[in-house]
Amino acid sequence: MPIDFEDAANEIRHIKISGRLDVLGSGEIDAKFAALAATEKRHLVVDLTAVSFLASIGIRSIISNAKAQQQRGGKMVLFVGENLAVAKTLEMTGIDTLVPMFKDISAAEKAVFE
Amino acid sequence: MLDQGVKQIRLFGRLDMKSTLLIDSSFSAALTSGDPRILLDISAVDFMASIGIRLLVIGAKTVAGRGGQLVLFGAQPNVAKTLKMTGIELIIPIFDQAEDAISRLKEI
């Protein structure tokens with residue numbers, strides 16, 4: 001399943017995305033990603049550890065959903081774990097300065113409440 | 001500097017790794033002094049790499065932190081496409097014409 005989610009007891013919604021976030025991949029998950037991110041919950045951790053490729057259009061999905069959460073008074077952070085390729089793409093484009101990115105899940109879970 | 005205090009910056013050529021590193025500190029200096037309402041003319045930018053996007057993202061954040069706004073105008077088709085595909089147009093206002101970009105800045 002390219003996109004899945006889990007609502008934890010601590011009010012964090014974890015959204016996990018797998019596979020390629022390219023035109024095809026984004027097309028498959030966009031509606032569901034937007035719906036999951038439009039939750040009344042205000043703390044989202046998006047797990048990108050299983051994303052094999054993050055293309056421009058994937059970046060757009062991330063920005064769009066992060067912005068929507070921000071406008072709602074919520075916060076979205078990214079968990080990249082050891083996914084160096086995705087981390088690099090986010091750093092190269094400066095997106096990590098807009099949507100905080102973490103290698104460590106507990107740091108991500110802490111940041112989402114800040 | 002333009003009328004009404006809005007600051008205009010013009011970028012040229014390729015916003016790739018080499019060029020972006022070259023202009024980074026002067027761009028940054030331009031964004032942290034004077035009017036934080038910045039009109040960025042990108043009509044002469046013919047290529048935008050990831051690092052160019054980063055320059056804009058961080059620039060936008062810097063001026064927003066100063067109570068200002070970064071707006072872009074004049075993107076060439078391929079640059080416009082990159083900005084649209086990556087969703088940068090969701091966070092940095094982009095206009096075809098300088099006049100519309102200036103109007104947006106004057107709202108601040």
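Contact here means heavy atoms within 4.5 Å, and in this predicted model helix α3(B) lies across β2 (37–48), β3 and β4 of chain B by that criterion, running at about 115° to β2(B). The sheet beneath this description is open and is formed by four strands of chain B in the order β1-β2-β3-β4, with parallel pairing. Its edges are β1 (7–15) and β4 (94–95) of chain B, each of which pairs on one side only. At the β4 edge, strand β3 (residues 69–73) of chain B and β4(B) are joined in the parallel sense over two bridges, and B:Phe73 stands opposite B:Phe95 of β4(B).

Chain A likewise contains an open sheet, here of five strands in the order β1-β2-β3-β4-β5, and its pairing is mixed. The edge positions are taken by β1 (3–7) and β5 (101–102) of chain A, each pairing on one side only. Within the sheet, strand β3 (residues 43–54) and strand β4 (residues 75–79) of chain A pair in the parallel sense over five bridges, and A:Leu44 is placed opposite A:Met76 in β4(A). Two helices of chain A can be described relative to these strands. Helix α3 (residues 84–92) of chain A packs on the sheet, where it touches β3, β4 and β5 of chain A, and its direction makes about 110° with that of β3(A). Helix α2 (residues 56–71) of chain A, in turn, lies across β2 (12–21), β3 and β4 of chain A and runs at about 180° to β3(A).

A backbone feature of chain A concerns A:Glu11, which is located in the loop between β1 and β2 of chain A. The phi of A:Glu11 is near 75°, a positive value in a residue other than glycine. Most residues other than glycine have a negative phi.

The association of the two chains involves 16 residues of chain B in contact with 14 residues of chain A. The area buried between chain B and chain A is about 1,300 Å², of which carbon and sulfur atoms give 68%. Of the area that chain B buries against chain A, 39% is supplied by B:Met85, B:Thr86 and B:Leu90, more than by any other three residues. The polar component of the interface comprises seven residue pairs in polar contact between chain B and chain A, counted with both residues at pLDDT 80 or more. On the side of chain B that touches chain A, the elements giving two or more residues are α2 (50–65) and α3 (77–85) of chain B, and α2(B) gives the most, with seven residues. One salt bridge is found across the interface of chain B and chain A; B:Glu89 forms this salt bridge with A:Arg60, the closest N and O atoms being 2.4 Å apart.

As to the confidence of the prediction, chain A averages a pLDDT of 94, and 100% of its residues score at least 70. Among the elements of chain A, the lowest mean pLDDT, 93, belongs to helix α1 (residues 23–37) of chain A, whereas β5(A) has the highest, 98. Chain B averages a pLDDT of 92, with 96% of its residues scoring at least 70. Where pLDDT is low, the predicted coordinates should not be read in detail. For the complex, the predictor gives an ipTM of 0.88 and a pTM of 0.91.

Note on methods. Residues are numbered from 1 along each chain as its sequence is written. Chains are lettered from A and ligands numbered from 1 in the order in which they are written. This is a predicted model: local features need pLDDT of at least 70, side-chain atom pairs count only at pLDDT 80 or more; totals for chains, interfaces and linings use all residues. Side-chain values use heavy atoms; hydrogens and water are left out. Two strands pair if DSSP finds at least two bridges between them. Axes are lines fitted to C-alpha atoms, for helices over the stretch in contact, and angles run from 0 to 180 degrees between N-to-C directions. pLDDT is the predictor's confidence in each residue, from 0 to 100. Buried area is the accessible area (1.4 Å probe) that two parts lose on being put together, summed over both. A salt bridge is a side-chain nitrogen of Lys or Arg within 4 Å of a carboxyl oxygen of Asp or Glu. A polar contact is a pair of N or O atoms within 3.5 Å; within protein, one must be able to donate a hydrogen and the other to accept it, and residues adjacent in sequence count only if both atoms are side-chain atoms.
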